[in-house]
Amino acid sequence: MKKIVINGRRPLNGEVEIGGMKNGALPIIFASLLVTSGKTVIENLPAVKDIDISLEIIESLGAKVERSDRHTAVIDATDLKVSEPPSNLVRKMRASYYLLGAELGRFGEAIVQYPGGCDFGGRPIDRHVKGFEALGATVTETFSDSGKCVRAETENGVVGANVFFDDVSVGATINVMLAATTASGLTVIENAAREPHVVDLANFLNTCGAKVFGAGTPTIKITGVDKSTLHGCSYTVVPDMIEAGTYMVAAAATGGNVLIKNVIPKHLEATSMKLAEMGVSIVENDDSVEVSVPDELVATNMKTLPYPGIPTDMQPQFCVLMCMAKGTSKLVEGVFDNRFQYVDQLRNMGASIEVNGKIATINGGSPLYGATVNASDLRAGAAMVIAGLCANGRTEIENIVYINRGYEDIVDKLSALGADISLEEIADN
Ligand code: EPZ
């Protein structure tokens, strides 16, 4: 078991390359199961654990997967079969539930164990179920020797329908898109998620021959096509806006000057605007942004929202930045019920933060001090790394399995930017 060790107070300087978007690559990998003949080549995959898990899951169902390099997968789903995937894999990752939409679209039926993944206040799938039922599926909970499963069945395949989401859900939008791709008739999704990876999925599906229109707006229209018309293709995943945002915040929090390369500035707009409010200089180029802090960081208020708002996956990172900013900041979590579990870890480092439900009040401007902390989820883990980079002294971060799920080579990338950071074995005591 390894831990990340950081000796803090060194500004980050230099250049860093951003990889493909984890949360965009996962739906595309499951979407490739809709292609009944031919190979799909997916490029710019991030080399992170969640990608490996999703490829293992589809292989367990009969898909053939070749890895020509750590950022590319060639998938042939011709011999795919409906069966229960290995529960030990499904439980590691919430995105496993995309199997439901993909198998419904391919076979008109699906069975998946309840997904795992980061837990902040429970992660229901009622909106997914509502979408599937609107498309004519009967969704039930069943139990097998691998635990509680979700089963979706249809009479003769999925039927196009109007699906209205009371509240935005990225996963439910994606799952309905997958199932509706081969539905008979038109599906209209209202109050759809508008994240860049929803658009990326639509672009991938259309490259395979699907008819998905309006992704990126609140209304997505999908004209179902016969699955035999879906063909393999080559597709490159968009850059990861959350990985990019994480390095932007790390550069600002350490008072460094970093060029963050291979990004789509438009996807970073909300993050960039909030950083600018805090006194951070952001210079946008075609496919990179340069981050520096000309003067001092200042407090601000922030609320996370579905895209195009400030992503909830940037919330823990911004919380650390607010600890470094002079003054009192208010941070409202607008997406999840309980996404402040990591705050106790920051308090162990000297942070002054009060949490009241979905609102955190951060009294910034005092130094942080190195401590032994752990990562309670993927983005909280990234926040612990940023806190360690800013803190006086040595910080040890345990439970880094979460960080490895979503940040490719984070220790090497930060080291190359001048951080004193390394991986060390945790001594068995
Ligand atoms: C995706 O989760 C991401 N995960 C999350 O990133 C991200 O935080 C989230 O979208 C919001 O952007 C992946 O893409 C694998 P939601 P998802 O459905 O799809 C509630 C990371 O760190 N809800 O938009 O689960 C839900 O509890 C991860 O990369 C229901 O109540 O998010 C939450 O409060 C963390 N019922 C809100 O809606 C449902 O059926 C938004 O969830 C579905 C969701």
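The following paragraphs describe the ligand site, the enclosed and open spaces, and two backbone features of a predicted model.

Residues are numbered from 1 along each chain as its sequence is written, and side-chain values use heavy atoms, with hydrogens and water left out. Because the model is predicted, local features need pLDDT of at least 70 and side-chain atom pairs count only at pLDDT 80 or more, while totals for chains, interfaces and linings use all residues.

The ligand is surrounded by 23 residues, a residue being counted as near if one of its heavy atoms lies within 4 Å of the molecule. Those that come nearest are Arg-94, Asp-126, Arg-127, Ser-169 and Asp-313. Polar contacts are pairs of N or O atoms within 3.5 Å; within protein, one atom must be able to donate a hydrogen and the other to accept it, and residues adjacent in sequence count only if both atoms are side-chain atoms. In the side chain of Asp-126, an N or O atom is 2.7 Å from a nitrogen atom of the ligand. A polar backbone atom of Gly-171 is 2.9 Å from an oxygen atom of the ligand, and an N or O atom in the side chain of Lys-22 is 3.4 Å from a ligand oxygen atom. The ligand taken alone exposes 820 Å², of which the protein buries 91%; accessible areas come from the Shrake-Rupley method with a 1.4 Å probe, and for residues only the protein chains shown count as cover.

Two or more residues of the ligand shell come from each of helix H1 (22–31), helix H5 (126–134), helix H6 (170–180) and helix H12 (378–390). Helices (H or I, at least four residues) and strands (E, at least two) are DSSP runs numbered from the N terminus. The most is given by H5, with three residues. Domain 1 (2–18 + 239–425) and domain 2 (22–236) each supply at least three residues to the shell, with domain bounds taken from an automatic or database domain assignment. By class, the shell has nine nonpolar, six polar and eight charged residues. Ala, Val, Leu, Ile, Met, Phe, Trp, Tyr, Cys and Pro count as nonpolar, Asp, Glu, Lys and Arg as charged, and the others, Gly among them, as polar.

Empty space was examined on a 1 Å grid over the protein atoms alone: a cavity is a set of points where a 1.4 Å probe fits but cannot get out, a pocket is an open set with protein on both sides within 12 Å along at least five of seven lines, and lining residues have an atom within 4 Å of a point. Grid points are joined across faces, edges and corners, and a volume is the space filled by probe spheres set on the points. The structure holds two cavities of 30 Å³ or more. The largest cavity has about 40 Å³ of space, and residues lining it include Thr-246, Tyr-247, Ala-382 and Leu-414. Helix H8 (241–253), H12 and helix H14 (410–416) each give two or more residues to this lining, with H12 giving the most, four residues. The lining has eight nonpolar residues, one polar and no charged.

The second largest cavity has about 30 Å³ of space and is lined by Gly-19, Gly-20, Pro-46, Asp-240, Glu-243, Gly-406 and Glu-408. Its lining divides into one nonpolar, three polar and three charged residues.

The second largest pocket has a volume of about 280 Å³. Of its 16 lining residues, Ile-400, Asn-404, Ile-410, Val-411 and Leu-423 are the closest to its centre. H14 gives the most to this lining, with three residues.

Two backbone features were also noted. The peptide bond from Tyr-307 to Pro-308 is cis, with omega near 15 degrees, and Pro-308 lies in the loop between strand S17 (301–303) and helix H10 (315–324). Asn-44, although not a glycine, has a positive phi of about 65 degrees.
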